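Work through the two exercises below with the structure in view, and try each task before you read its solution.

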Amino acid sequence: MEWWQNQAVYQIYPKSFLDTTGKGTGDLRGIIEKLDYIKSLGAGAIWLTPIYPSPMVDNGYDISDYTAIDPRFGTMEDFDELIAKAKERGIRIVMDLVYNHTSDEHAWFKESKSSKTNSKSDWYIWRDAKPDGSAPTNWRSIFGGSAWEWCEERQQYYLHTFAIQQPDLNWENPDVRQALYDAANFWLDRGVGGFRIDAIVYIKKPKNFVDGEPDSDGKSNVHNMIAATEGILDFLHEFKREVFEGKDIFTVAEANSVKPEDLPEWVGERGVFDMLFEFSHVNVMFDNGEEFWHRAKPIKLSDLKAALTASQKATRNTWYPIYFENHDKPRSVNNFFPDDADKNLAAKALATILFTLRGTPFIYQGEELGFANEPFNSIDDYDDISSHGQYDLAQADGLSPEDALRAVHKFSRDNARTPMQWDSSINAGFTSGKAWLPVHKDFKNCNAEVEERDADSVLNFYRRLSALRNSSDVLIGGEYEELCHDSEEIYVFTRTLGDKKLCTVVNFTTHDVELPAQIKGAKKLLGNYADEKNYLRETEAAIYEF
Ligand code: GLC
């Protein structure tokens, strides 16, 4: 087993983690201060979302320099210290590589847009207008609005899969690819332990750009037109050869739309990456994975279980990142449990799954404290660029502003980006200044200090689960099998290695449910209720040993 298979990964959104200077946004020194806390969760790596210089239109996913640290987060010395202090604790630092696009403030783009003849003129995706002056295709960007932006200077449109300020790079140009590999190798030379690779399915564009089927706004989702285009794996194998191969690091790529059955092409020895974040379980409320927040349907448990089982099966001979949260998703207790479920029980129930499926558990900051969504009063309070796009899309689809805001409340990425809650002091101990996003109203009950003292807290439950998982060969390597698949109330699966067998049972409802027959006689190892009954109570989760 590799080091990244035996321990959890802790994801940090640095802007919201801990501010040590009073400016209202988190920084690298804040992360250094909390390394022991992260270690206590059994994490062997920290994934940092982008900390490079950026205009912050998309909070760092719009990068203007790939080989420097944004002064808001600190200095290169702080970064080196973070690597060193983390290493002392057996933790490696994993960086986010955002290689589908740069910021429009990147020097490469500034040069590229200046004329049709400069030395970087084809570093981005430029196209002429249609004869009537309109955009080359009807594609809608992921954040809403056209995926094309007119550039006066160059008299052409450029493609942006995400925000206008995030122009797509042209991977067909070998100089572009080399510049990206060099930047990744710069960080490897500084001692980073791996990479999370952003939005990788979009790097290869189709040969011909054609209009897609229009939706109610007259546009067609760019994702459906360019994701996982034929030929992408050739780029990715080169990327692997030039950057990752033979190094003691791990790679996890964000790859919305790679189907479970295609995973072997993408991960493991034959593939490119060690692991791949696919979205089937977190997008189970959207038809065909199409993220229109206002069109979300209630989750059918059997669909969620089918998605998890399909990924477990597809990565039987490779590896999988297990996650319910990240900086792009609402809080999992709201997402996967009924509104009336007890949030602490629900957080522990999801954690029980997180640590007992086969793969590396990814904990997203605050998840280990049981954070819930925090709806803001008005659309203007939202910083998240996609919340604004979705708000407009919902109204284009006929919803009232109130209903559109309700969809934002439920799915906004800001739900995951409110400041970490460290203690009961002002701003939850996150900053002595004005926090860049409002602190959760419930922070006095839900924070690291309070939970540290409570043996029964979500935080201490995470620690117990993580310790159990990291020392259990069955939980690390055992075979997965799902039971009771047709039940719309419980999720049951076993993990088996030789003659050892464990079983996880989770009641997703807020009423009592019969204990599955297969469990009778097994010994309960851990659960979110201390005692045991011969039925499952609301939101009950437990791990049994045979
Ligand atoms: C990924 C990131 C997301 C970002 C987008 C554009 O999906 O996780 O936060 O907005 O890529 O870079």
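**Exercise 1.** In this predicted model, find which residue of β7 stands opposite R127, and then work out which strands stand at the edges of the sheet.

*Solution.* Begin with R127, and look across to β7, where Y157 stands opposite this residue. Next, consider the strands themselves: β4 pairs with β7, which spans residues 156–159, in the antiparallel sense, and two bridges join the pair. Now place this pair in its sheet, which is open, has three strands in the order β4-β7-β6, and is paired in an antiparallel way. The edges are therefore held by β4 (126–127) and β6 (148–151), because each has a single partner strand, and so one side of each is left without a neighbour in the sheet.

**Exercise 2.** Describe the surroundings of the ligand: which residues come nearest, what classes make up the shell, and how much of the ligand's accessible area does the protein cover?

*Solution.* Start with the 13 residues around the ligand, of which D58, D198, E254, H327 and D328 come nearest. Sorting the shell by class then gives seven charged residues, three polar ones and three nonpolar ones. The next step is to look at individual atoms: an N or O atom in the side chain of D58 is 2.4 Å from an oxygen atom of the ligand, while for the side chain of E254 the corresponding distance to a ligand oxygen atom is 2.8 Å, and for that of R413 it is 2.9 Å. Finally, turn to the accessible area, which is 310 Å² for the ligand on its own, and of which the protein covers 96%.

Methods: Residues are numbered from 1 along each chain as its sequence is written. This is a predicted model: local features need pLDDT of at least 70, side-chain atom pairs count only at pLDDT 80 or more; totals for chains, interfaces and linings use all residues. Side-chain values use heavy atoms; hydrogens and water are left out. Two strands pair if DSSP finds at least two bridges between them. Helices (H or I, at least four residues) and strands (E, at least two) are DSSP runs, numbered from the N terminus. A residue is near a molecule or strand if one of its heavy atoms lies within 4 Å of it. A polar contact is a pair of N or O atoms within 3.5 Å; within protein, one must be able to donate a hydrogen and the other to accept it, and residues adjacent in sequence count only if both atoms are side-chain atoms. Accessible areas come from the Shrake-Rupley method with a 1.4 Å probe; for residues, only the protein chains shown count as cover. Ala, Val, Leu, Ile, Met, Phe, Trp, Tyr, Cys and Pro count as nonpolar, Asp, Glu, Lys and Arg as charged, and the others, Gly among them, as polar.
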